[in-house]
Amino acid sequence: MKMIYQQLLAFFLVIAVTILLLGISFGRMSKSFVYNDEWRSLEKYSDSLVQQSLTVNTKSSQQVTFSLSTLKTAQALLENQSVHFTVFNQKNRVIYPNNGLSPKVTKNDWRHLTKDQIVRKVNNRNFKLSNGKTRPAMIEILKPYYYNKKLVAVVSAGVFVSDVNSNVDRINRDLLKGLGVSLIISMIISFFIASRLNRRISRLRAAATQVSNGNYDIRVKSGGNDEIGELITDFNHMTESLEKANQEIQRQEERRQEFLADAAHEMRTPLTTISGILEGIKYDVIPQEQRGKSIDLMSNETQRLIRLVNENLDYEKIRSNSIRLEKRHFNATKVLSSIVEQLGSKASESKDRFEIQAPDDLPIYADYDRFVQIVFNITNNAIQFTDSGTITLIGERGYNETIIRIKDTGIGMTKEQQKNIFERYYKADASRRARKYGESGLGLAIVHQLVQQHGGKISVTSKPHKGTTFTVIIPDQTDAEKKAAENNKRKSSERTDV
Ligand SMILES: Nc1ncnc2c1ncn2[C@@H]1O[C@H](COP(=O)(O)OP(=O)(O)OP(=O)(O)O)[C@@H](O)[C@H]1O
Ligand SMILES: [Mg+2]
């Protein structure tokens with residue numbers, strides 16, 4: 001059964017039972033109220049009857065007499081109001097009326113009367129009168145009257161129950177109508193309450209379906225401070241957390257893909273070098289005196305490849321985005337020369353000439369492999385975009401920093417193109433894509449990130465058809481780094497002492 005019908009049924013049952021109980025107790029109350037009222041008025045009638053018709057006779061031994069004519073008039077008047085009365089003397093004999101229609105006073109009632117107690121009663125059953133007729137049920141009172149502490153008369157006054165009950169029935173009918181109307185109104189109200197509750201639950205259900213379909217940015221309007229409202233608030237918290245978790249998963253996936261792309265990009269270079277040297281050996285085109293050098297280069301590149309694989313493909317590092325730099329002091333000029341050597345054959349293919357302008361010893365504090373990556377990528381670009389030109393690698397010391405410039409006389413770039421070159425996958429224009437080497441548009445993005453990791457700066461100046469200069473500034477070791485390095489040294493020496 002649908003929830004709304006269950007709720008309506010429950011509401012209906014509660015309301016119906018309440019109304020039934022209320023109806024019964026109100027019915028009883030109205031009956032007793034009407035009866036009490038009736039008894040009171042009967043007493044008043046009887047009092048005024050006695051007042052008007054009774055005379056006290058001080059001389060006679062009988063003491064009291066009733067005026068029959070007054071009683072007759074009173075009877076006519078009261079019968080108009082459906083009130084019937086009988087007057088008894090102190091010996092329980094009927095004084096008036098003498099038509100045989102009078103009720104009998106029972107012994108029990110008479111006992112009460114002699115104690116000056118008023119008897120109120122309802123003769124619910126029809127009963128036989130002294131003349132053999134049947135008298136309908138009545139509501140009546142028996143009231144004693146005393147004179148000089150002596151019982152002188154008893155008046156019985158009554159109305160037919162059917163007359164009184166018609167009043168009670170009318171009240172009950174009105175009551176029933178009222179209860180019926182309130183039942184309808186409360187059913188309408190409960191229908192609205194139930195359907196509001198249902199609407200909110202349906203909204204929640206629709207949202208849950210959306211969530212199960214992977215849409216986490218959904219929020220449900222609470223619309224109340226009740227339990228459903230609390231459930232909606234909890235649901236919204238849940239979708240919020242799910243959305244955050246999902247975003248984190250997506251971010252990590254993007255990061256993972258970036259790292260894989262970067263790693264592939266960087267592995268291509270040493271692999272190309274190694275493959276080139278192996279080809280040279282295979283076809284015996286490397287002169288005897290160059291062979292040792294070539295094998296050293298191959299071995300260096302293999303080591304670099306191993307380090308690259310170890311570091312870049314560590315999933316935990318990718319996940320937490322924490323690639324640690326292994327910084328140390330070394331001679332930057334040596335790196336420049338080795339790159340020139342490595343890219344020599346590629347440069348000569350483009351008929352480019354290399355030049356190095358740097359002191360023999362140019363100290364730098366950096367991660368060796370990352371520094372090679374930086375210079376290699378920029379120089380590689382210079383060869384790519386320069387035909388029959390000169391590529392100059394300049395190294396110099398700045399204030400607490402080492403400055404490397406890679407200058408070419410190639411095709412250059414417009415200001416507009418220079419703006420975006422550090423973006424991932426950016427290539428200055430489509431025509432360059434056809435060139436032999438520039439392929440993925442990742443190189444400078446990687447360089448930019450590596451320079452930033454070193455706390456350094458990279459900038460570019462370029463003019464179309466004139467050439468391009470990239471400037472990389474790597475800061476020297478900071479005091480904090482010095483301290484940390486000393487601490488590390490001390491700790492490792494302590495360990496060896498032990
Ligand atoms: N020295 C340069 N002279 C002219 N244009 C350059 C130079 N260096 C880079 N560019 C421009 O910047 C773009 C981005 O360079 P980047 O090294 O990031 O990518 P790529 O060389 O195209 O591809 P790869 O990922 O293989 O390095 C290049 O496509 C090129 O248009
Ligand atoms: Mg490149």
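**View 1. Lys121 and its salt-bridge partner Asp109 in the predicted model.** Lys121 is buried at a relative accessible area of 18%, where buried means under 20%, exposed over 50% and partly exposed in between, as computed with a 1.4 Å probe on protein chains only. Asp109 is likewise buried, with a value of 8%. Between Asp109 and Lys121 there is a salt bridge whose closest N and O atoms are 2.4 Å apart, the term standing for a side-chain nitrogen of Lys or Arg within 4 Å of a carboxyl oxygen of Asp or Glu. Asp109 belongs to helix α3 and Lys121 to strand β5, so the pair ties together parts that are 12 residues apart in sequence; helices (H or I, at least four residues) and strands (E, at least two) are DSSP runs numbered from the N terminus. This is a predicted model, in which local features need pLDDT of at least 70 and side-chain atom pairs count only at pLDDT 80 or more, while totals for chains, interfaces and linings use all residues. Residues are numbered from 1 along each chain as its sequence is written, chains are lettered from A and ligands numbered from 1 in the order in which they are written, and side-chain values use heavy atoms, with hydrogens and water left out.

**View 2. The open sheet and the helices that lie on it.** The sheet holds 5 strands in the order β4-β3-β9-β8-β5, with antiparallel pairing, and two strands count as paired if DSSP finds at least two bridges between them. At its edges are β4 (94–96) and β5 (119–123), each of which pairs on one side only. From one strand to the next the twist averages 30 degrees; axes are lines fitted to C-alpha atoms, for helices over the stretch in contact, and angles run from 0 to 180 degrees between N-to-C directions. Helix α1 (residues 3–53) lies across β3 (83–89), β5, β8 and β9, at about 40 degrees to β8. Helix α3 (residues 107–114) also packs on the sheet, touching β3, β5, β8 and β9, and its direction makes about 40 degrees with that of β8.

**View 3. Strand β9 between its partners β8 and β3.** Strand β9 (residues 150–160) is joined to β8 (residues 138–147) by 10 bridges, the two running antiparallel, and its antiparallel pairing with β3 extends over 7 bridges. Across from β8, Leu142 stands opposite Ser156 and Tyr146 opposite Leu151, while on the β3 side His84 faces Gly158. In the hairpin of β8 and β9, which has 2 residues between the strands, Asn148 takes a positive phi near 50 degrees. Strand β9 is mostly covered, with 9 of its 11 residues buried.

**View 4. The surroundings of Glu43 in helix α1.** Glu43 is buried, at a relative accessible area of 15%. Apart from neighbours within four places in sequence, Glu43 is in contact (heavy atoms within 4.5 Å) with Ile118, Arg120, Ile141, Lys143 and Tyr145.

**View 5. The largest nonpolar core, with Phe354 among its best-connected residues.** This core has 38 residues, and those with the most contacts inside it are Phe354, Phe371, Ile378, Leu393, Ile406, Ile458 and Phe470; a nonpolar core is a set of buried Ala, Val, Leu, Ile, Met, Phe, Trp, Tyr and Cys residues joined through side-chain atoms within 4.5 Å. The elements giving two or more residues to this core include α8 (332–349), α9 (368–384), β13 (390–398) and β16 (467–475). Helix α9 supplies its largest share, 8 residues. Once neighbours within four places in sequence are set aside, Phe354 is in contact with Val340, Leu343, Gly344, Ala347, Thr379, Ile383, Ile391 and Leu393. A second, separate core of 27 residues includes Trp39, Val50, Val152 and Ala157.

**View 6. Salt bridges of Lys327 and Arg397.** The side chains of Lys327 and Glu481 meet in a salt bridge of 2.9 Å, N to O. That pair links distant parts of the chain, 154 residues apart, with Lys327 in strand β10 (residues 327–331) and Glu481 in helix α13 (residues 479–497). Lys327 is partly exposed at 24% relative accessibility, and Glu481 is partly exposed with a value of 24%. Arg397 and Asp476 form a salt bridge of 2.4 Å, N to O; they link distant parts of the chain, 79 residues apart, Arg397 lying in strand β13 and Asp476 in the loop between β16 and α13.
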